[in-house]
Amino acid sequence: MEVAVIVIFLGALVGIAFEWGHRTKIALLGAGAVVLIGALSEEQAIEAVDWSTLGLLVGMMIIVGLTERTGVFTYLALRVAQLSRGRTVRLIFLLAGVTGLLSAFLDNLTAILLVVPITLLLADLLKISPIPLVLVEVIASNIGGTATLIGDPPNIMIGTARPELSFLDFIVNLAPVAIFTLLVVTTGLALFYRRQLAIDPERAGEVDKLDAAADMREAPYVKRSLAVLLGTIVGFFLHAPLHIEPAVVALVGATVMLLVAADDVENALERVEWATIFFFIGLFVMVGGLEAQGVIDQVAEGFASVTGDSRALEALVILWGAALGSAVVDNIPFTAAMIPVVDTLQDDGFDDAAWWALALGACFGGNATIIAAAANVAASGVLERSGQPISFVRFLAVGLPVTLVSLVIATFYLLIFQL
Amino acid sequence: MSTLHDIPLVEASVPASATFAEAARTLGESKLSGLAVLDGGRVVGLFTDEELLLGISPPYLNDLKHTAFLERELPSLRERAREVAGEPVTKHMRKPTTIELDGSSLHAAERFVHCDEGALPVVDDDDRFVGMLSRTVFAHTLLKRLSET
């Protein structure tokens, strides 16, 4: 039975990495197999699902989906392009900054889906290749998403699995290193791409002529939607002192959004990406199978035998191991499997450094390959539809060095500030 | 007998070997919102005015959520129209929804209500293309028939 659940889980990971089918189908197939072979009872399968993660995801999908209609994110992307005044380095920094910021407070996948299509249009206007800009944005989205509990799926899973870690804890412990890493990486990318992205001043004038606020003037419920989004973000900051789970904050925010800024509830609920929700359900059940069969305990024991009693070694192995695992498969299933391992390692007492190491490893590792994070896959899909696909190797040539630099920064950060 | 047998159908189709420009021209001449793409007499795709618009627009149009900020024409539009002209229509067609010639008028009505297309290909028992049925023509003919009986 133990071997069977390992085979099912690894088979699902390989299937997702090599796109044998839609990742949701593969995860649900794996979950179904785990229950059908009896590795997990039906009751255990339901208990294995982290409903808080799903609540947080659903709530944010509704809030962000309805706010997106207002055109405010399009406005932000266009304004930063105009503020760059045709200067390549400034454009790269501003696009990285706005993508990182949106990723931190919405989520990185949403940020990419909002920013990349506008970037394709800007590149078209400026007559430059969009691929370097999109690469900068993908990298910024994965680093920016590291900064908060809601920014990247691995952080959402960690934050909901460990209620001791509040939204503010994530910001205090991860935002500084994420901002520093973003600055270092963006500087490198700007130096690397500045000649390739040289902008003709005449073309830059075309961007200045865009009426950035036009869509906001036409959209319904702009003020209400923005007020609810901001109120929800404030709610996240206050969830710990108010003893409310982040999932409750998101769901209350979504409910208020439905009440004040949605005429048609059915239409509003279409913003929920059910494929993603069922993907998470499938993953949780498969990981539940690994836990029930004692596989997680064995992995944790093996892990402890390598790191011994060294807290620093443990955190660094988690950091680099999570990055490697995320790069090879996908940081969401990898984190889902790692959370119970880190939990088991902490039998002697709660140590938040291990959780920050996991968050940094999984999120930064998401930049290594084109399949490592959902945002990368989404950006690659948009580029492909636009007739300018990016190959695995071209992404790797930029993503891998960026990941290595990010991990070196994270290593020093953990050693100096957390261990 | 089904209502469809008496409704005028339009022979609006192109072979699968046609180019985007040829399909666009035939579509314009047909005055319909869509035409059938045929391979050996069978419908393999549908080329509608939506495919025409998407074809001549930047390929990222479908991913853009807002465009009101664009007050002037994109300079690349003209280039795009030139580029797409020689591409095969099969690259731009959508999966077809067909209506059976011997089916009931209510079935045809249901297809039109649940599909985006303003015209659908009608096929015979052997699945061979008979002609394009316009939603407008169908709706008015059906109303007229029902009023007469």
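## Val256(A), between buried and exposed

A residue counts as buried under 20% relative accessible area and as exposed over 50%, with partly exposed in between. Val256(A) has a relative accessibility of 34%, so the residue falls into the partly exposed class. Everything here describes a predicted model, so please read each value with that in mind.

Where does Val256(A) sit? Its place is in helix 14 of chain A, which covers residues 246–261. If neighbours within four places in sequence are set aside, Val256(A) is in contact with Val228(A) and Ala261(A). There is also a C-alpha distance to look at: Val256(A) and Gly231(A) are 25 residues apart along the chain, and their C-alpha atoms are separated by 10.0 Å.

## Two loop residues of chain A with positive phi

Just ahead of helix 14 comes another residue to visit. His243(A) belongs to the loop between helix 13 (222–238) and helix 14 of chain A. Its phi is near 55°, a positive value in a residue other than glycine. Is His243(A) buried or exposed? With 74% relative accessibility, His243(A) counts as exposed.

Glu19(A) also has a phi near 55°, again positive in a residue other than glycine. Glu19(A) lies in the loop between helix 1 (2–17) and helix 2 (23–36) of chain A. The relative accessible area of Glu19(A) is 56%, and because this is over 50%, the residue is classed as exposed.

## Two buried loop residues of chain A

Loop residues can be covered too, and here are two cases to inspect. Thr369(A) is found between helix 20 (352–365) and helix 21 (374–385) of chain A, in the connecting loop. Its relative accessible area is 7%, so Thr369(A) is buried. Which residues does Thr369(A) touch, not counting those up to four places away in sequence? They are Ala327(A), Asn376(A), Phe392(A), Phe395(A) and Leu396(A).

Asp211(A) is in the loop that links helix 11 (201–208) and helix 12 (214–218) of chain A. Asp211(A) has a relative accessible area of 17%, and because this is under 20%, the residue counts as buried. Leaving aside neighbours within four places in sequence, Asp211(A) is in contact with Arg217(A) of chain A, and also with Phe69(B) and Glu71(B) of chain B.

## Chain B as a whole

Those last two contacts bring us to chain B. This chain has five helices and six strands, and from the N terminus on its elements run β-α-β-β-α-α-β-α-β-β-α. Its C-alpha atoms fill a box of roughly 55 × 35 × 25 Å along the principal axes. Of its 149 residues, 42% count as buried. Among contacts between residues at least 6 apart in sequence, 54% join residues at least 24 apart.

What does chain B expose? The exposed area is about 8,100 Å², and carbon and sulfur atoms supply 52% of it. On the charge side, chain B has 16 positive and 24 negative side chains, with the centres of the two sets 5 Å apart.

## Strands 1 to 3 of chain B

Strand 2 of chain B, residues 34–39, is mostly covered, with five of its six residues buried. Strand 2 runs parallel to strand 1 (residues 13–15) of chain B, and three bridges join the two. In this pairing Pro15(B) has Leu38(B) of strand 2 as its bridge partner. Between strand 1 and strand 2 of chain B the chain passes through helix 1 (residues 20–30), making a right-handed β-α-β crossover.

Strand 2 of chain B is also joined to strand 3 (residues 42–48) by six bridges, and here the strands run antiparallel. Leu35(B) stands opposite Phe47(B) of strand 3. Strands 2 and 3 of chain B form a hairpin with two residues between them. In the turn, Gly40(B) has a positive phi of about 60°.

## The sheet of strands 4 to 6 in chain B

Further along chain B there is an open sheet of three strands, with the order 4-5-6 and mixed pairing. Which strands form its edges? They are strand 4 (99–100) and strand 6 (129–134) of chain B, each pairing on one side only.

Strand 5 (residues 119–123) and strand 6 of chain B run antiparallel and are joined by five bridges. One of the positions to look for is Val122(B), whose bridge partner in strand 6 is Gly131(B). As you follow the strands on screen, recall that side chains in a regular strand alternate between the two faces of the sheet.

Technical notes: Residues numbered from 1 in each chain as written. Chains lettered and ligands numbered in written order. Predicted model: local features only at pLDDT ≥ 70, side-chain atom pairs only at ≥ 80, totals over all residues. Heavy atoms only, no water. Helix = DSSP H or I, 4+ residues; strand = E, 2+ residues; numbered from the N terminus. Buried < 20%, exposed > 50% of the residue type's maximum accessible area, 1.4 Å probe, protein only. Contact = heavy atoms within 4.5 Å. Areas by Shrake-Rupley, 256 points an atom, 1.4 Å probe, with all protein chains shown as cover. Lys, Arg positive; Asp, Glu negative; His and termini not counted. Charge placed at Lys NZ, Arg CZ, Asp CG, Glu CD. Pairing = 2+ DSSP bridges. Right-handed = clockwise from strand over helix to strand, strands pointing away.
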